[in-house]
Amino acid sequence: MTHPVIVITGASRGIGRAVAEICLKTFNANVLAIARTESDLNALKAYAEKELNTNERVETVVGDVTEERVIDDAVDKCLKRWGRIDGLVINAGVLEPMATIADVNVGEWRQSKSALNMLIRCLAVEEPDIVAISISPGIVDTDMVTFIRTDGSKVMNEQDHKWFVDVHASNQILSPEDPSHVIAALVVGGAKKEHSGEFYNWDVEAFAGFMRKK
Ligand SMILES: NC(=O)c1ccc[n+]([C@@H]2O[C@H](COP(=O)([O-])OP(=O)(O)OC[C@H]3O[C@@H](n4cnc5c(N)ncnc54)[C@H](OP(=O)(O)O)[C@@H]3O)[C@@H](O)[C@H]2O)c1
C-alpha cells in the first residue's frame, strides 16, 4: 500500500496532531484530519507542505465529531480524493467540565468507557475485516494535562493534583510523539487480527517494534 488513507479525529492538537504528523511523515499516509479549530487544521496542512513539499496529502473537516454531518463530510472527502479509507483513529476528547467524581455522573462516565470498550469488542466480532483496538496513551504532555496542572486543584483532592504536578516536574510525563508513534504504526497496518477487540497500554511488549526510535 503506497499511501494508506487514515482519518484522525481531534487532529489539531496534542496526541491526535502528533499521530497525524507521524502518519504523514514516517508512514507515508494520506490524512483526513477532523477538529473544531480551523486555524490549527490549517497549521497541519502547512506542516505537510513544508515537510513533504505537497498539499495533496492532507484533507480537513472543521467541525464537532458529535455531528453526523462532520463524519459524512469526512467519508465523502476521503472517497472523492483517495477512493478509500484504511484506518481510523478515534482520538477527539475533552476534559471539561473538570469535576470531582462526586460531582460527575459516575454512571454515565462508566457507561461511556464501557461503551467504547464494547464497541471495540463488537466491531472485532461483527466486522471480521476490521481490526479494532483500544489504546491507553499514558500521561501525556498536552493541553489537557496542562489544564489539570493549572486548574485541577480547584476540583481535585490535593494528593491527586500533586501527583499530576509531580509527574510533570520529575519529567515522567510522556511526550505526545511516544504513544502517538505506536498509535500511528498500528493504524497504518501494524495492528493485527490477534489484537482485535482488546484494550492495551501503549507500551506493552507486543508493540515494542512500534516505539519511536530516539
Ligand atoms: N493527555 C493524556 O495524558 C491522556 C491520557 C489518557 C487519555 N487521553 C485521551 O487522548 C485523547 C487526546 O487527548 P489530548 O491530551 O491530546 O487532548 P487535547 O490536547 O485537549 O486535544 C484534544 C483534541 O480533540 C479535539 N476535539 C475535542 N473535542 C472535539 C469535538 N467535539 N469534535 C472534534 N474535535 C474535538 C481538539 O481540537 P478542537 O478543540 O480544535 O476541536 C484537539 O485536537 C482524548 O480522548 C483524551 O481523553 C489523553
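## Helix packing, core and loop residues

The axes of helices H1 and H2 come within 11 Å of each other and cross at roughly 30°, where axes are lines fitted to C-alpha atoms, for helices over the stretch in contact, and angles run from 0 to 180 degrees between N-to-C directions. Because angles under 35 degrees count as roughly parallel, H1 is roughly parallel to H2. The contact is formed by Arg17, Ala20, Glu21, Leu24 and Lys25 of H1 together with Leu44, Tyr47, Ala48, Glu51 and Leu52 of H2, two residues being in contact if their C-beta atoms, placed from the backbone, lie within 7 Å. These residues divide into six nonpolar, no polar and four charged, with Ala, Val, Leu, Ile, Met, Phe, Trp, Tyr, Cys and Pro counted as nonpolar, Asp, Glu, Lys and Arg as charged, and the others, Gly among them, as polar.

The structure is a predicted model, in which local features need pLDDT of at least 70 and side-chain atom pairs count only at pLDDT 80 or more, while totals for chains, interfaces and linings use all residues. Residues are numbered from 1 along each chain as its sequence is written. Helices (H or I, at least four residues) and strands (E, at least two) are DSSP runs, numbered from the N terminus.

The largest nonpolar core, a set of buried Ala, Val, Leu, Ile, Met, Phe, Trp, Tyr and Cys residues joined through C-beta atoms within 7 Å, has 39 residues, and those with the most contacts inside it are Ile6, Ile8, Val19, Ala20, Cys23, Val31 and Ala33. Strand E1 (5-9), helix H1 (14-25), strand E2 (30-35) and helix H7 (177-190) are among the elements that each supply at least two residues of this core. Leaving aside neighbours within four places in sequence, Ala20 is in contact with Ile8, Ala11, Val31, Ala33 and Leu44.

Three loop residues can be set side by side by their surroundings; a residue is buried if 20 or more other C-beta atoms lie within 10 Å of its own, exposed if 12 or fewer, and partly exposed in between, with C-beta atoms placed from the backbone.

| Residue | C-beta neighbours within 10 Å | Class |
|---|---|---|
| Asn28 | 14 C-beta atoms | partly exposed |
| Asn171 | 7 C-beta atoms | exposed |
| Ile133 | 18 C-beta atoms | partly exposed |

Asn28, in the loop between H1 and E2, has a positive phi of about 60° although it is not a glycine. Asn171, in the loop between helix H6 (158-169) and H7, likewise has a positive phi of about 60° without being a glycine. Ile133 lies in the loop between helix H4 (106-126) and strand E5 (134-136), and its C-alpha atom is separated by 9.2 Å from that of Leu186, 53 residues apart along the chain.

Definitions and conventions. Angles under 35 degrees count as roughly parallel, over 145 as roughly antiparallel, 65 to 115 as roughly perpendicular and the rest as oblique.
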